[in-house]
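Welcome! Here is a short briefing to help you find your way around this structure. Have a look at the sequence and the model first, and then read on.

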Amino acid sequence: MKYCYYGRFRRRRVSVRSCLIVCAVCIGIGLLTVSLRSVDPPIDDDFPVNHEVQDASSASLSGGGPENQSEGNRGKSETERSCAMVEEMGEVFKGGFLKESLRVRRIIQDHFLLNGASRVRGLPPEQFCRHGFVMGKSSEAGFGNEMYKVLTGATLSIMLNRSLIIGQTRHIGLSSSLSVLGKYPFGDYISYSNLTFTLKEVKHLWRHNGCERKYRRHLIMRTDDFEKPSETNVLCSNWRKWKQPIIWFQGTTDAMGAQFFLKNIHPEMRNAASNLFGLPELIHSRANVFGELMRVLISPTKDVEEAVNWVIGGGVDPDITLHMRMLTNRSVRAVRAALNCIRKAMRIRNLILKPKVVLVSDSPSLVKSITPDLTNFAEVVHFDFEHFKGNVSSDHNGLHKSDFRVKDWGPAPRWVAFVDFFLASRARYAVVSGAHRRVGTTYAQLIAGLAAAHSLEESSTGPSFSFLSSFQGNLLEEGLRLQVGWGHVWNRFAGPLSCRHQPSQCAFTPLLPPAWWDGLWQSPIPRDIRRMAAYGVQLSGFGTVDENYLQSFCKSRKTVVKTVPFIL
C-alpha cells in the first residue's frame, strides 16, 4: 500500500514540474518573438492601403512629408511598392528647376535677339522673304486655355527658329477670321511684347519687300490641328522642313501639345523639343518654360497694373498665393487642407512673421469662410472689385460677365480674373493650388509659372520657388484617378500607380506639367490610353511608349497638308 501510494505521489510531482518547465519555455519563446517583430518590419505583405490612411492622416494634415506615411511604405524599396502617395510623387519637384530655367531663359533671349520683330523687319528683302513665322492665336474664352495657345506658338517658334506672330481676334461668340483685323486676345488687360509681329504687319512687309512679285514667294499658312488626332502631324512629320512662310498649330489648350514633339519620330524635331523642354524621363530637373516665356511676352496693361497696386497698397509684394477653384462648392475639408498647405509653404521658407497671402477664388463664399482662419497666422490680401473705382472697372471694357459660365468662372466680371492673375503672380515664394475637384488648373499653372519666373534671378542660390497642390482626402479616395483632363497638372500621375484611399496632403507640383509618362510614379488612366491610340501611340498600363509601333503607324498614314493663302 505504501509503495503504491508513494509511486502515485512521485508521478504527480514529476507532472507538475514538467508543466512548469514547458510554460517557462513557451513564455521565453513568446517574448523573443515579440521583441524580434518590434525590430523587423513585415517583408511579405502587399502595400496596405487601408492601414496607410489611418496611420498617415494626422501627419499629412500637419504638412508632414513622405517620411510620415504608412508603416507599409517603411522597409520597402520603390521597386517593391505597388503605388505611391501624391506627396511622394511630388518630392521630385522640390526645387531642381533653377539651373534649367536659367538655361531656357538664355535660349529665349537668344531666340528673340535673332528672330524678334525689331531685327527681322530690317532684313534685306531677299532674306525677309525667306524668313518663317509661327502663329500664336487664341480667342477670348477661358484665360488659361487660351494663353496656352499663344505660348505653344512661342515654343514652336523657338523649336523651328521662326518669328512669332500674335494673332489678333474678336470677342468670343462673334465670327472671326485671320484675314479680319481685330485686337490682341485679352488686349484690354494684357500688353504683348514688341518682340512679336501682327499678321497685319507681316502682310505689309511681304508687299513692301516684293516677296510675291519679285521672289515668287506667296504668303501661305500651313495649319495643323492638335485636337484632330487622325490629321495632326505632331508626331509623324519633320516640321523644320516645312516650307510655308507661316505655320499655325491649332487646338493646344494646355501644356501638352508642344511637348508631344518630344516623341516625334524625327530626331531633328525631338532634339529641338528636348533642348527646350528637357528629356521627358528627367522630370526632376525640367525648366519653367511657359513661365519664362510669359515673363518676356506679356505684362498687365496700365489699368490692370493700377488695380494690382491698389490691392498691394504700396507695400511689399505678397509672399504666398492661394488659388482655390471651388465651382461654387463649400467644402470645409478643402479649406482645412489649404490652410495646412500654406503652413507648409511658410515652413519651407522659414517665414516666422505673418506672411502676406493673396487669396484668389471663383467662389466668394470660400473667401469669406477661409479668411478668419487665415488671418490667425497671415496677412490676407484679396481684390475686392466692388470697392475698386479704377478705369479697368468701367463699363466700356470688352469682357463682361457671361452668365452661362458663372459656375465655371465665378460671378465676378471677367476682367477681375486678369487683376487676380497679375496680382497672384507677384508672389515671391510659393503658389498653393486647391480645388473642389481638379487641382492645378491651367490658370493656376500659369500663375505659378509667371511667379516663379519673376522670383528667379541669375544669382539665385537659396531655396527655390514652390508650387504646391492642396488635396483634401475625398479627392484622393480613388487616388488621382479623378484628375482627368490634359489641362490638369496631375493627370499624368492618375493611373494605377496612385494609391487609393489617401489622406489630405500638400504636394510639391511641377511648374512644367509633364505630357508623357516616363517618370517613376507616372501611369495613365484607361481613357488616356485610348486617346493616345488615336495619335498612333500604343501605351502600356504604366505609360511606356511602343516606339516601333509609332514608327509603323507614321509610315502607314497619309500625310495631311492644309494651307490658307493670304490675299495681300
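Does His501 count as buried, partly exposed or exposed? With a relative accessibility of 24%, His501 counts as partly exposed, because that value lies between the 20% and 50% cut-offs. Please keep in mind that this is a predicted model. The protein chain has 568 residues, and 54% of them count as buried.

**The chain as a whole**

- The protein chain contains 19 helices and 14 strands.
- Among contacts in the protein chain with a separation of 6 or more, 76% are between residues 24 or more positions apart.

**Two residues with a positive phi**

- Most residues other than glycine have a negative phi.
- His501, in the loop between β12 (477–480) and β13 (505–508), has a positive phi near 55°.
- Leu327 also has a positive phi, near 55°, and is found in the loop between β7 (320–325) and α13 (332–348).
- Leu327 counts as buried because its relative accessibility is 13%, under the 20% cut-off.

**Helix α10 and its surroundings**

- Helix α10 (residues 267–277) and helix α4 (residues 98–115) have axes that come within 9 Å and cross at roughly 120°.
- That angle falls outside the ranges for parallel, antiparallel and perpendicular, so α4 and α10 are oblique to each other.
- Where the two helices meet, α4 brings Arg103, Val104 and Ile107, while α10 brings Ser274, Asn275 and Leu276.
- By class, the residues of this contact between α4 and α10 are three nonpolar, two polar and one charged.
- Met269, Ala272, Ala273, Ser274, Leu276 and Phe277 are the buried residues of α10.
- These buried residues of α10 pack against α4, α7 (143–160), α9 (256–259) and α11 (289–297).
- Arg270 is found in α10 too, and its relative accessible area of 29% is why Arg270 counts as partly exposed.
- Beyond its neighbours within four places in sequence, Arg270 is in contact with Phe261, Leu262, Lys263, Asn264 and Ile265.
- Arg270 and Gln259 are 11 residues apart along the chain, and their C-alpha atoms are separated by 9.6 Å.
- Just after α10 comes Gly278, with a positive phi near 85°.

**Helices α16 and α17**

- The axes of α16 and helix α17 (residues 442–455) come within 8 Å and cross at roughly 40°.
- An angle of that kind makes α16 and α17 oblique to each other.
- In this contact, Ala417, Asp420, Phe421, Phe422 and Ala424 of α16 meet Tyr443, Leu446, Ile447, Leu450 and Ala451 of α17.
- The contact of α16 with α17 has nine nonpolar residues, no polar ones and one charged.

**Aromatic pairs**

- The count of aromatic pairs comes to 36.
- One of them joins Tyr184 and Tyr192 in a tilted arrangement, with 5.1 Å centre to centre and 35° between the planes.
- Within this pair, Tyr184 is partly exposed at 25% relative accessibility, whereas Tyr192 is buried at 14%.
- Tyr189 and Phe418 form a stacked pair, with 4.9 Å centre to centre and 15° between the planes.
- This stacked pair links distant parts of the chain, 229 residues apart: Tyr189 is in the loop between β2 (163–166) and β3 (190–192), and Phe418 is in helix α16 (residues 416–424).
- Tyr189 counts as buried at 1% relative accessibility, and Phe418 counts as buried at 0%.

**A ring cluster and two arginines**

- Which residues do ring pairs link into a cluster? They are Phe226, Trp239, Trp242, Phe249, Phe260, Phe261, Trp486, Trp516, Trp517 and Tyr535.
- Phe261, a member of this cluster, is also one of the residues in contact with Arg270.
- Trp486, another member of the cluster, has the charged end of Arg492 over its ring, 4.5 Å from the centre.
- Arg531 lies over the face of Trp486 as well, at 3.6 Å from the ring centre.

Definitions and conventions: Residues are numbered from 1 along each chain as its sequence is written. This is a predicted model: local features need pLDDT of at least 70, side-chain atom pairs count only at pLDDT 80 or more; totals for chains, interfaces and linings use all residues. Side-chain values use heavy atoms; hydrogens and water are left out. Axes are lines fitted to C-alpha atoms, for helices over the stretch in contact, and angles run from 0 to 180 degrees between N-to-C directions. Helices (H or I, at least four residues) and strands (E, at least two) are DSSP runs, numbered from the N terminus. Angles under 35 degrees count as roughly parallel, over 145 as roughly antiparallel, 65 to 115 as roughly perpendicular and the rest as oblique. Contact means heavy atoms within 4.5 Å. Ala, Val, Leu, Ile, Met, Phe, Trp, Tyr, Cys and Pro count as nonpolar, Asp, Glu, Lys and Arg as charged, and the others, Gly among them, as polar. Rings of Phe, Tyr and Trp (its six-membered ring) pair if their centres lie within 6.5 Å; planes under 30 degrees apart count as stacked, over 60 as edge-to-face and the rest as tilted. Buried means under 20% relative accessible area, exposed over 50%, partly exposed in between (1.4 Å probe, protein chains only). A charge sits over a ring if NZ of Lys or CZ of Arg is within 6 Å of the ring centre and within 35 degrees of the ring normal.
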